[in-house]
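Here are a few exercises to work through with the model open beside you. Try each task before you read its solution.

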Amino acid sequence: MAQILRPNERVTVGNGGGAAYRIPDATERDGLLGVQAGTNGEAIPSVHAAEAQRRNIYTAQEESATCRIKRELNETVFWKLKLWMIFIFIFLLMVAVIIISLLVCSAVHEDEDEKFDPSLFTVPRYFNGNFQLPNMVFTEELFTLSSNNSQALIAELQEKLADLYTSSPALGRYFSKAVIFAFRNGSVIADYQLTFLMPEEEQDQLRNFTLSRAMVYNVFRQFLYDQEADTSASMYIDPLSLNMF
């Protein structure tokens, strides 16, 4: 007579045979995984089912909080004014205050060193000297300063010297002009004169410090060392040839 076995039920086979177990099918396994028996025989959820239930609870709580926030933001505070409108207004107001503060600070701040009256700079101070253009060939035409070649070279050199001193933070306000007044043989040697203007009440201090020969000379020499690396350029000035007195 056939016997119906429950899952994992042990049965004895034959007179001296060992015990055998019936393996549950897929449906029975799913049932066993989904529900477990309690100590008193009641059915309790499995670990997977409990975890899914907790996730559902958390999701419901999050959705509830989101709905509550949306509802509070859409509440009318005054007339047709809603709470989210107040928040946006406060944010825009803070941004506007920051921008205005930055603009005011930039407009109010002034560098005291940049405030000076050029009309007070009346006392001249001169520096003469020469330098060599080693890559240029001297021609008889350069003896005549009114010639086309001389005028072109003078204009280029004077512009270079003017740019050098006007861009100097220390000397720029005092610089007046640079003049090339002669060319001599020796590749090409250029004689120059620099003119600076000082306020009368500060002339003694400026002569000793800012407009001292050492300061004016070092600014010129540093410029020559910082010039383009191409030492074969026609307008290259040899830093070692610079003289000033």
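**Exercise 1.** Find which residue of β9 is the bridge partner of Pro124, then work out how β7 and β9 pair.

*Solution.* Start at Pro124: its bridge partner in β9 is Leu197. Keep in mind that this is a predicted model. Next, go to Leu133, which stands opposite Val188 in β9. Now put the two pairs together: going from Pro124 to Leu133 takes the partner from Leu197 to Val188. The strands β7 and β9 are indeed antiparallel, with 12 bridges between them.

**Exercise 2.** Determine the strand order of the open sheet and name its edge strands.

*Solution.* Take the other side of β7 to begin with. Gly129 has Met244 in β10 as its bridge partner, and β10, residues 243-244, is joined to β7 by two antiparallel bridges. Then turn to β8, which runs antiparallel to β9 and is linked to that strand by nine bridges. Two of the pairs you can look up are Lys177 with Thr195 and Ala178 with Leu194. Combining these pairings gives the order β8-β9-β7-β10 for the four strands. The edges are β8 and β10, each of which pairs on one side only. As a last step, look at the hairpin of β8 and β9: two residues lie between the strands, and Gly186 has a positive phi near 135°.

**Exercise 3.** Describe what lies across the sheet and which residues touch the most other members of the largest nonpolar core.

*Solution.* First place the helix: α4 lies across β7, β8, β9 and β10, at about 140° to β8. Second, check the cover on β9, where 10 of the 12 residues are buried. Third, look at the largest nonpolar core, which has 36 residues; Phe131, Tyr165, Phe183, Leu194, Phe196 and Phe220 touch the most other members. The elements giving two or more residues to this core are β7, α4, β8, β9 and α6. In soluble globular proteins, nonpolar side chains tend to be buried together. Finally, zoom in on Phe183: leaving aside neighbours within four places in sequence, its contacts include Phe138, Leu142, Ser150, Leu153, Leu157 and Val188.

**Exercise 4.** Compare the UniProt record for residues 83-104 with the secondary structure of that span.

*Solution.* Begin with the record: an unreviewed UniProt entry lists residues 83-104 as "transmembrane region". Then turn to the model, in which this span is 100% helix and 0% strand. To finish, take the end C-alpha atoms of residues 83-104, which are 32 Å apart.

Terms used:
Residues are numbered from 1 along each chain as its sequence is written. This is a predicted model: local features need pLDDT of at least 70, side-chain atom pairs count only at pLDDT 80 or more; totals for chains, interfaces and linings use all residues. Side-chain values use heavy atoms; hydrogens and water are left out. A nonpolar core is a set of buried Ala, Val, Leu, Ile, Met, Phe, Trp, Tyr and Cys residues joined through side-chain atoms within 4.5 Å. Buried means under 20% relative accessible area, exposed over 50%, partly exposed in between (1.4 Å probe, protein chains only). Contact means heavy atoms within 4.5 Å. UniProt positions are given in the numbering used here, feature names are shortened, and annotations may be inferred rather than shown by experiment. Two strands pair if DSSP finds at least two bridges between them. Axes are lines fitted to C-alpha atoms, for helices over the stretch in contact, and angles run from 0 to 180 degrees between N-to-C directions.
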